[in-house]
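Here's a quick briefing to read with the structure open beside you. It goes topic by topic, so feel free to jump around.

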Amino acid sequence: MRYAFPLVLLGLGSLITALDFTVVYVALPWIARDVGFSPNALQWVVSAYAVPFGGFLLLGGRLSDLVGRRRMFVCGMLLYGVASLLGGLATSPGLLICARALQGIGGAVLMPATLSLVVTMFDEGPARNRAMTVWAVCGAAGLSLGALLGGVLTSAFGWEAVFFVNVPLTVVGAAAAFTVLTPDGARRPGGLDLPGALTGTVGITVLVLAIAHGADWGWASPGVLGALAAGAASLAGFFAIEARSRNPLLPLRLLANRHTSVGAGAILLYGLTLQCVPYFLTLHFQDVLGYDALRSGLAFLGPTLAITVGNLAAERLIPRLGTYRTLVLSLVVGAAGTAVLAASLSVSGSHLGLLAGVVGFGLGAGLSFATMFIVASTGVAPHEQGAVSGLSSTVLQAGAGAGLAVLVAVAGHDTAGLTGEALRAATVDSLRSALFVAAAVAATGSVAVLAFIREHRKPALTGLTAAEE
C-alpha cells in the first residue's frame, strides 16, 4: 500500500497525456464550425499538439534527471492545465492552435517525468512490471477513452468541454504531487547540454512536422523536402554534439544497451502500426457507419476494454514467457486482430467480425504497450531513466506520426464525385488497405524480434536471463 497513492497519481499523468491525442477527434467538426477553421487548416488542431509533443520529449526526459522528476511532473501538470483553459476559451483558429502547442509542450514535460517516476520508484522484476502495467493501462486506455469522452462531452456541453475537463484534473494532480511523491532533493550536478537540446529538439520537431503533413503538402513538395533535409541535418549535428558532450542530453552509451535498443525498436514498430488503428476506426464509425459524436465515443468501449485486458495479461505472461517472447506474442496477436478488423469492414457493418478484430487488436496493443516500455528501461541506471523515458516517448510519437502519414497515403483512394453508398464503399476499401498494411508491418516486426531471440539465445553471449528471453 506504500506506493498505491503515488501509482494512482502517476496513472493519472499517463491518462492525461494520452487522452488529448484522441479526445478532440470526435469534436473536430464542431470546432471547425464554431471557431472558423477551413477544411485544410483543421488538421492543425491535431498537429499543433503532436508536433511540439514529439519534439520536446527528449528534452523533457533529460530535465527530469537533472532538475527533479517531481518538479517536472508538477510543471507539466500546470502547463497542461493552463493550456487546456486557454484552449476552451479560444475564439479564433490562431488562439486554439497556440493553446494546443502549449498543451503539447506540457505533455512533453509530463510524460517522461511520469514514466521515469514509475521506473525509479519500483525495482526491476515483478514490482516494476506491476507498476508499469498500471501506467500502461491508464495510457493505452486513455487513447481509446479519449474518443468516448470526446463524444460524451461534445454532445452534452459543446466542444469547449474537451479542453475544460483537463483543468480540474491537472490542478488535483499538481497539488497531490506535493503530498504523495517523494521530494526530489538537490539538483544533480552538471549543466544542461544546450547545443544538444537545441539541435535535438529542432531536428525532431521539424521531422515530425514534415512527416505529419507529407501526405497533405506532397512528399516531393519544397516544404516537405526542405523540412526533411533540415531535420536530418539538425539530428546529425545533435549526434555529433552528444558524442563529445560532457553532459549529453542523450548519453549515446544508452543505445548500446540491447534492452533499450530492442525496446525502442519495438516502440517504433508499435507507433507505426497499432497506435494508428484507432484513427481509422474513428473514420469507419463516422464516415461509413454514420455514427454521431456520442455513438462514436461509445463504440470505443470495445477497444478500451480489450486494451485494458491486454495490459493486465502482460503482467502475468512476462514471468511465464519472458519479456521478449511476450513482446513477440503481442505483435502477432495485434497483427492478426488488425487483419481480421480490416477484412470485416463493410458498409453495412459486420458486427461479429468487427468485434473479433477489435478484441484481437486491443489485446495485442495492450500486451505490447506494457511490455515494450519494460524492455526499454531494463538495465538502465536510475539517474538515466529520464533520458530513456524521453527517448522511448520520442520514438513512439515519431513512429505514430510517420505511420499515420504513410497509412493515410495508402488509404488515399480517389473518391471525387462519389456520393452516398458509392462513397462509403470507396471509404471502406481505403480503410481496409491501410489496416492490412499495418497488420503486415506488425507481423514482420514480430518475426524480427523472434529472430533476435534466436540469435541471442546463449546466455554466455548476451547475459539474457530466462525471464528476459
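Let's start with Leu301, which sits in helix H14, the stretch covering residues 301-321. Keep in mind that this is a predicted model. Leu301 is partly exposed, because its relative accessible area is 37% and the partly exposed class runs between 20% and 50%. From there, we'll go to the surface patch, a helix pair, the salt bridges and a handful of single positions.

**Surface patch**

- Leu301 belongs to a nonpolar patch on the surface, and its partners there are Val152, Leu294 and Leu298.
- Taken together, the four residues of this patch have about 280 Å² of accessible area.

**Helix packing: H11 and H16**

- Helix H11 spans residues 258-272 and helix H16 spans residues 351-377, and the two pack with their axes 7 Å apart.
- The angle between H11 and H16 is about 150 degrees, and angles over 145 count as roughly antiparallel, so that is the label this pair gets.
- As for handedness, H11 and H16 make a left-handed crossing.

**Salt bridges**

- How many salt bridges does a search of the whole structure find? The search turns up seven.
- As background, side chains of opposite charge can pair when their charged atoms come close.
- One of the bridges joins Glu315 to Arg130, with an N to O distance of 2.8 Å.
- Glu315 is in helix H14 and Arg130 is in helix H6 (residues 126-157), so this bridge ties together parts of the chain that are 185 residues apart in sequence.
- Arg130 itself counts as partly exposed, given its relative accessibility of 46%.
- Another bridge pairs Arg69 with Asp65, and their closest N and O atoms are 3.0 Å apart.
- Are Arg69 and Asp65 buried or exposed? Both of them are buried.
- That pair is also part of a network of salt bridges, in which Arg62, Asp65 and Arg69 are linked.
- Then there's Asp34 with Arg33, where the closest N and O atoms are 3.0 Å apart.
- In this last pair, Asp34 is partly exposed at 43% relative accessibility, whereas Arg33 reaches 57% and counts as exposed.

**Two positions in helix H16**

- Gly357 is found in helix H16, and this glycine is buried, with a relative accessible area of 0%.
- Going from Gly357 to Gly390 means moving 33 residues along the chain, and their C-alpha atoms are separated by 32 Å.
- Val359 is in H16 as well, but Val359 counts as partly exposed, at 35% relative accessibility.
- Which distance separates Val359 from Val309 in space? From C-alpha to C-alpha it comes to 9.6 Å, with the two positions 50 residues apart in sequence.

**Gly94 and Leu274**

- Gly94 has its place in helix H5, which runs over residues 93-121.
- With a relative accessibility of 40%, Gly94 counts as partly exposed.
- Gly94 and Ala343 are 249 residues apart in sequence, and in space their C-alpha atoms are 41 Å apart.
- Where is Leu274 placed? You'll find Leu274 in the loop between H11 and helix H12 (277-288).
- Despite that loop position, don't look for Leu274 on the outside: its relative accessibility is 2%, so Leu274 counts as buried.
- Leu274 and Ala236 are 38 residues apart along the chain, and their C-alpha atoms are separated by 29 Å.

Technical notes
Residues are numbered from 1 along each chain as its sequence is written. This is a predicted model: local features need pLDDT of at least 70, side-chain atom pairs count only at pLDDT 80 or more; totals for chains, interfaces and linings use all residues. Side-chain values use heavy atoms; hydrogens and water are left out. Patches are made of residues with over 30% relative accessible area and no salt bridge: like charges are joined within 9 Å, nonpolar side chains (Val, Leu, Ile, Met, Phe, Trp, Tyr) within 5 Å. Accessible areas come from the Shrake-Rupley method with a 1.4 Å probe; for residues, only the protein chains shown count as cover. A salt bridge is a side-chain nitrogen of Lys or Arg within 4 Å of a carboxyl oxygen of Asp or Glu. Helices (H or I, at least four residues) and strands (E, at least two) are DSSP runs, numbered from the N terminus. Buried means under 20% relative accessible area, exposed over 50%, partly exposed in between (1.4 Å probe, protein chains only). Axes are lines fitted to C-alpha atoms, for helices over the stretch in contact, and angles run from 0 to 180 degrees between N-to-C directions. Angles under 35 degrees count as roughly parallel, over 145 as roughly antiparallel, 65 to 115 as roughly perpendicular and the rest as oblique. A crossing is left-handed if the near helix is turned anticlockwise from the far one by less than a right angle, and right-handed if clockwise.
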